[in-house]
Amino acid sequence: MTRSLRVLAALAIAGLGFPVLYETIEAPASQVFGRTLVHGSGHVVALTFDDGPNDRTTPQVLDVLERDHVRATFFLVGRAVLRHPEIVRRMLRDGDEIGNHTQTHAHLNFLLTQRALGREIDAAQAAIAAITGRRPRYLRPPFGARDYAALDAARRRGLRVVMWTAMLGDEPPTLKPAEIAQQLTSQVGDGAIIVLHDGDQGRSGSGGRMYESAAANVLIAQLKARGYRFVTISQLDRPDHA
């Protein structure tokens, strides 16, 4: 084989292997780029919601949480926060925790400068603080995408990056709530961080992923039956879970 053919073959192999490598280093539990919060300890779970607030879906989720006496953590998209401040205020009144999910649900690995990363994070921080009077302490990167630059941008702002232990895959929205809950509970162990979605990347005119949020009450009931206690992310992040 000539040198040029060997180079082409190596490039082809590398190209085929890149998706596998990327999925490995970007997996929720991966710590390749730096430390993130993936799970806690003890017989507790943290229920989290991404991509809201959504005016159709989020109030239903909040009703379920209030009825079941569960506090959750909502990772909010800044542009949706600006559209639905009353929902954000209710989260605060109910004792739920609010985290940063960027301003426009941007894929952070595609933002090539610290300035661009800072704009996404800072705008969401400002939007949330303007309504709640508090700046979030936790950031969940959209799509779970992070690299050294993204984690550095979060660290510079005093934000801890939160990933997850259990999340629904790309299953179709025809799944029943009990089926969704079963898929999630099969991934849950002590200290698990669970992700559901109450919005659709912060876009307007969308009903959000109602098929996921509809499973919240079933999921809560199943996990309570297994003796789990629900905590917020900040509680999970403390040794005593207080």
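Half of this chain is tucked away: of its 242 residues, 50% count as buried. The model is a predicted one, and its secondary structure comprises 10 helices and 8 strands. Contacts reach far along the sequence, too. Among those with a separation of 6 or more, 76% join residues 24 or more positions apart.

Before going further, let's look at confidence. The pLDDT averages 90 over the chain, and 86% of the residues score at least 70. Residues 5-13 are a stretch to treat with care, since there the pLDDT is below 50. Beyond near neighbours in sequence, that stretch has 1 contact in the model. Where pLDDT is low, the predicted coordinates should not be read in detail.

Now turn to helix α9, which spans residues 216-225. Which of its residues are buried? They are A216, L219, I220 and L223. Looking down the axis of α9, you will find these buried residues within an arc of 100 degrees, so they line one face of the helix. Several elements help to cover them: the strands β1 (44-52), β7 (192-197) and β8 (229-231), together with the helices α2 (58-68), α7 (177-185) and α8 (210-213), are included in that cover. Just past the end of α9 comes G227, with a positive phi of about 85 degrees.

One of those covering helices, α7, is worth following in its own right. Two packed helices are described by the angle between their axes and the distance between the axes. For α7 and α9, the angle is about 45 degrees and the axes lie 8 Å apart. Angles from 35 up to 65 degrees fall between roughly parallel and roughly perpendicular, and the two helices are therefore oblique to each other. The crossing of α7 past α9 is right-handed. On the α7 side, the residues that take part are P177, A178, A181, Q182, L184 and T185, and they meet V218, L219, Q222 and L223 of α9. Of these, L219 and L223 are also among the buried residues of α9.

Helix α4, residues 85-94, can be read in a similar way. Its buried residues are I87, V88, R90 and M91. Seen down the axis of α4, they fall within an arc of 155 degrees, so they too line one face of their helix. The cover over them includes α2, α3 (78-83) and α5 (114-132), along with the strands β2 (73-76) and β3 (97-100). After α4 comes G95, whose phi is positive and near 90 degrees.

Definitions and conventions: Residues are numbered from 1 along each chain as its sequence is written. This is a predicted model: local features need pLDDT of at least 70, side-chain atom pairs count only at pLDDT 80 or more; totals for chains, interfaces and linings use all residues. Side-chain values use heavy atoms; hydrogens and water are left out. Buried means under 20% relative accessible area, exposed over 50%, partly exposed in between (1.4 Å probe, protein chains only). Helices (H or I, at least four residues) and strands (E, at least two) are DSSP runs, numbered from the N terminus. The arc is that of the directions from the helix axis to the C-beta atoms. Contact means heavy atoms within 4.5 Å. pLDDT is the predictor's confidence in each residue, from 0 to 100. Axes are lines fitted to C-alpha atoms, for helices over the stretch in contact, and angles run from 0 to 180 degrees between N-to-C directions. Angles under 35 degrees count as roughly parallel, over 145 as roughly antiparallel, 65 to 115 as roughly perpendicular and the rest as oblique. A crossing is left-handed if the near helix is turned anticlockwise from the far one by less than a right angle, and right-handed if clockwise.
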